[in-house]
Amino acid sequence: MTRIVTLGDSITLGLGDPVLGGWRGWTRLLAAGLPKPELHNLATNGAQAKHVERDQLPDALLLRPHVATVVIGINDTLRAGFDPVRTGQAAARTIAALTASGATVLTMRLPDPAQMFGLPAGLARPLSRRMRAVNAEMDRIAAHYGTIHWDASADPQTYDRRNWSVDRLHPNERGHRLIACRLWDRLAESGFPVAERPGSEPTSPPPSRRDDVLWMATKGTGWVIRRSVDLIPYMLFMAVRDAIVEQREWSAAVALPAGGDRPAAAVDAPVTGEARVAGEARVTGEARVTREARVTGETRAAEQVAE
């Protein structure tokens, strides 16, 4: 028997892959590809890393799983109080406990939700930056604890529109099958005993246009409203802040020397050699420091304004 315990949010719960009586999702597809599976899906809608640690981990440890999956981070990035360090700490404690219990732990590097949503560049940058920060934490944790780690963000099929539900947040059946197959492949490569590989092609008819409209009206719209209360104002604030920072960096690059205008020859001459290198180094360095500060801190002042 192979006891599988899955922890996470709505993606692990199976939203986007409906079957009679509920959701199937990648967890059931993956479990079916393991010898004599016994699946316990502990995921819940809207779960953040702290909820997984607090609410799901204790039950998972009681079950003493052979395989455990921890897929978290999306919901953390969609909150105004986002802190990648706290997210990483909660994830690390969860994965450390599961590893210590003897489980083989699977983790994921998640795709960029801003790219999935098709957001304008100004709004996409803050959300993309958050996802990169969470992924950096998960990469570090996976390397430290030796988890089986799939980089979904770099998989070409991840962003194939055919693999996503109409809300562009949850995989559809094809997308859930992609996740199941990728994780099954990595388990097999690690030497873990496996059975038959999950099928990659959908077996259920695709949702109709009416189904998509009904989904957005009953579930998608509610999600947007709940997230808009805190996320949208914060993203707008961050977009404005990014624009101000970029304007300052540009101004620093073209600033005139103190004491007056540059000579006409200097104005007309191409910027070459050491002058160009020094200018680019200054701007690049300032940009990097500024952006790294935003990634690791996303300062409390900004959070308070957003909230």
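Visitor: How many helices and strands are there in the protein?
Guide: There are 13 helices and seven strands. Helices here are DSSP runs of H or I with at least four residues, strands are runs of E with at least two, and both are numbered from the N terminus. Please keep in mind that this is a predicted model, where local features need pLDDT of at least 70, side-chain atom pairs count only at pLDDT 80 or more, and totals for chains, interfaces and linings use all residues. Residues are numbered from 1 along each chain as its sequence is written, and side-chain values use heavy atoms, with hydrogens and water left out.

Visitor: What percentage of the residues in the protein is buried?
Guide: Buried means under 20% relative accessible area, exposed means over 50%, and partly exposed lies in between, with a 1.4 Å probe and protein chains only. By that rule, 44% of the 307 residues are buried. As for surface, areas come from the Shrake-Rupley method with a 1.4 Å probe, and for residues only the protein chains shown count as cover. The protein exposes about 15400 Å², with 58% of it supplied by carbon and sulfur atoms.

Visitor: What share of the contacts with a separation of 6 or more joins residues 24 or more positions apart?
Guide: A contact means heavy atoms within 4.5 Å. Of the contacts in the protein with a separation of 6 or more, 79% are between residues 24 or more positions apart. Thr2, in strand β1 (residues 2–8), makes a good example. Leaving out residues up to four places away in sequence, Thr2 touches Leu34, Pro35, Lys36, Pro37, Glu38, His66, Val67 and Phe192. The C-alpha atoms of Thr2 and Val194 are 9.5 Å apart, although 192 residues separate them along the chain.

Visitor: Is Thr2 buried or exposed?
Guide: Thr2 counts as buried because its relative accessibility is 7%.

Visitor: How do I read the pairing of strands, and in which sense do β5 and β6 pair?
Guide: Two strands pair if DSSP finds at least two bridges between them. Strand β5 (residues 67–71) pairs with strand β6 (residues 104–109) in the parallel sense, over four bridges. β6 also pairs with strand β7 (residues 148–151), again parallel and over four bridges. You can follow a path through Thr107: this residue is the bridge partner of Val70, and Thr107 stands opposite His149 in β7. Next along, Met108 stands opposite Trp150 in β7.

Visitor: Which side chains of β7 point to one face, and which to the other?
Guide: In a regular strand the side chains alternate between the two faces of the sheet. In β7, Ile148 and Trp150 point to one face and are buried, whereas His149 and Asp151 point to the other face and are not buried.

Visitor: Which charged residue in α7 is buried, and what does it touch?
Guide: Look at Glu137, in helix α7 (residues 121–145). Glu137 is classed as buried because its relative accessible area is 17%. Beyond its neighbours within four places in sequence, Glu137 is in contact with Pro84, Val85 and Gly88.

Visitor: And where does His51 lie?
Guide: His51 lies in helix α3 (residues 49–63). With 18% relative accessibility, His51 counts as buried. Residues up to four places away aside, His51 touches Gly46 and Gln56. The C-alpha atoms of His51 and Asp9 are separated by 9.4 Å, with the two positions 42 residues apart along the chain.

Visitor: What should I make of the sign of phi?
Guide: Most residues other than glycine have a negative phi. Lys36 has a positive phi near 45 degrees and is found in the loop between α2 (25–32) and β4 (37–41). Arg64 also has a positive phi, of about 50 degrees, and lies in the loop between α3 and β5. Lys36 is exposed, with a relative accessible area of 66%, and Arg64 is exposed at 56%.

Visitor: How many cavities of 30 Å³ or more does a search of the whole structure find?
Guide: On a 1 Å grid over the protein atoms alone, a cavity is a set of points where a 1.4 Å probe fits but cannot get out, and lining residues have an atom within 4 Å of a point. Grid points are joined across faces, edges and corners, and a volume is the space filled by probe spheres set on the points. The search finds one cavity of 30 Å³ or more. The largest cavity has a volume of about 190 Å³. Of the 20 residues that line the largest cavity, Ile11, Pro111, Thr158, Trp164 and Pro171 are the closest to its centre. The elements giving two or more residues to this lining are α6 (113–117) and α8 (173–190).

Definitions and conventions. On a 1 Å grid over the protein atoms alone, a cavity is a set of points where a 1.4 Å probe fits but cannot get out, and a pocket is an open set with protein on both sides within 12 Å along at least five of seven lines; lining residues have an atom within 4 Å of a point.
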